[in-house]
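This report describes a ligand site and the residues that form it. The sequence and structure are shown first.

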Amino acid sequence: MAGLALYCRTGFEKDLANEVIEKSAALEVFGYPELKTNSGLVLFHCYQAEGAQTLAKSLALTSLIFARQLFAFTERCEQLDTSDRIGPILQACIEFPECGELRVEHADSTDGREISKFCRKISVPLRQTLRGKGILTPLEHNKLPVCHVYFEDSTTALVGYSYPQNNSPHPLGILRLKFPNEAPSRSTLKLDEAFQLFIPKKEHGKRLSGGLHAVDLGACPGGWTYQLVKRGMFVEAVDNGAMDEALMATGQVRYCPEDGFKFQPRKNNVYWLVCDMIEQPQRVAKLMATWVATKRCQESMFNLKLPMKKRYESIKEALAIIDQCIDQHHAGPYDLSVKHLYHDREEVTVHLRLKA
Ligand SMILES: C[S@@+](CC[C@H](N)C(=O)[O-])C[C@H]1O[C@@H](n2cnc3c(N)ncnc32)[C@H](O)[C@@H]1O
């Protein structure tokens, strides 16, 4: 038994499975998915012997929209004896490459959270045992593979490893952020997470710096505008709703009660176009691509609100529209990232810009 284990938000297992089937076939690795609705976990069983390793190395986590984390699993340890769970787990790890870290995890679901305390507790003796056997390095090492033990329940564990260049550094693959009390809506965390995920930290000084101009379509009450203002930017906030008064008092926001599809910025100096309008994903995709292709902005970050069914298909349709639009404008190659962020609900976040 070997394959790829992937985490996602509960309820999105089918979308992730469809995505993995398609993207692993493009790498000529074939298999079949195993999933349970609302488990937050998808297993992709590989037919080829080396399939799981190939995917763990080459199926980029950044390219997977719905996956928060991935690792190659080698065994599912079932009916673990509660008096010795560590023995069988150790046996399952014996052939692993030397790992620099151990992650003992569970689903990000109600059931999963119930065993989080148990996971924390077992990780201490398990780490010591793996270190004693040379499977784990004596000190943590972030350039070596990561050993994963994922408890489906307290007596069933998936055991495997991931590669440091292709995994999430965050527990459960979740970037947890603190809600800033002065922000006018919880949506603010979506844009914060998107900036942290898509823009390399060393480039924040240039691409997220004070003085840049931004347009926020569908801005009210101002959670996204808050993120831009906090970074010292000047924002044209477009929406017919009401904006947060404290944000307006900063003097960095110009309120524009207009339709986001018709809005024209005052000046030609827009760096960021952000958009959280609740509108059809195809329409939003076309609007964003047009702004980027015609260089009305330098970078764009936006949400695509998803239908309840066929979410993956709906995203692919929107991405095809973007590609077509950029091509029609002969705008050249572009960078595009799409992710179902931790703070996203029935939506995904997209970053789009032309290549330099
Ligand atoms: C999810 S809310 C935005 C929340 C906001 N990003 C925040 O962080 O506070 C969606 C907003 O899009 C606005 N909206 C929807 N369609 C629009 C359009 N065509 N033009 C302008 N605003 C629109 C709605 O009025 C609503 O305020």
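The following paragraphs treat the ligand shell, its polar contacts, two annotated residues and the annotated domain.

**Ligand shell**

The structure is a predicted model. The ligand is surrounded by 18 residues, of which Ser185, Asp239, Gly260, Asp276 and Glu279 come nearest. Sorted by class, this shell consists of seven nonpolar, six polar and five charged residues.

**Polar contacts of the ligand**

Three acidic side chains are paired with nitrogen atoms of the ligand, as the table sets out.

| Side chain | Ligand atom | Distance |
|---|---|---|
| Aspartate 259 | nitrogen | 2.9 Å |
| Aspartate 276 | nitrogen | 2.8 Å |
| Glutamate 279 | nitrogen | 2.8 Å |

On its own, the ligand has 610 Å² of accessible area, and the protein covers 79% of that area.

**Record annotations**

An unreviewed UniProt entry lists Ser187, Cys220, Pro221, Gly222, Gly223, Asp239, Asp259 and Asp276 under "binding site". Aspartate 259 and aspartate 276 from that list also appear in the table above, with distances of 2.9 Å and 2.8 Å respectively. Asp239, likewise listed in the entry, is among the residues that come nearest to the ligand.

The unreviewed entry further assigns residues 185–278 to "domain: Ribosomal RNA methyltransferase FtsJ". This span is 29% helix and 21% strand, and its end C-alpha atoms lie 15 Å apart.

**Glycine 222**

Glycine 222 occupies the loop that connects β8 (213–217) with α8 (223–230). Its relative accessible area is 0%, so glycine 222 counts as buried, the cut-off being under 20%. Beyond residues up to four places away in sequence, glycine 222 touches Pro184, Met243 and Leu247.

**Aspartate 239**

Aspartate 239 is placed in the loop between β9 (234–238) and α9 (245–248). Is this residue, aspartate 239, buried or exposed? Aspartate 239 is buried, because its relative accessible area of 19% falls under the 20% cut-off.

When neighbours within four places in sequence are set aside, aspartate 239 has contacts with two stretches of the chain: Gly218, Ala219 and Cys220, and also Tyr255, Cys256, Pro257 and Glu258. Cys220, one of these contacts, is itself listed under "binding site" in the UniProt entry. A polar atom of the aspartate 239 side chain also lies 2.9 Å from the backbone nitrogen of glycine 241.

Methods
Residues are numbered from 1 along each chain as its sequence is written. This is a predicted model: local features need pLDDT of at least 70, side-chain atom pairs count only at pLDDT 80 or more; totals for chains, interfaces and linings use all residues. Side-chain values use heavy atoms; hydrogens and water are left out. A residue is near a molecule or strand if one of its heavy atoms lies within 4 Å of it. A polar contact is a pair of N or O atoms within 3.5 Å; within protein, one must be able to donate a hydrogen and the other to accept it, and residues adjacent in sequence count only if both atoms are side-chain atoms. Accessible areas come from the Shrake-Rupley method with a 1.4 Å probe; for residues, only the protein chains shown count as cover. Ala, Val, Leu, Ile, Met, Phe, Trp, Tyr, Cys and Pro count as nonpolar, Asp, Glu, Lys and Arg as charged, and the others, Gly among them, as polar. UniProt positions are given in the numbering used here, feature names are shortened, and annotations may be inferred rather than shown by experiment. Helices (H or I, at least four residues) and strands (E, at least two) are DSSP runs, numbered from the N terminus. Buried means under 20% relative accessible area, exposed over 50%, partly exposed in between (1.4 Å probe, protein chains only). Contact means heavy atoms within 4.5 Å.
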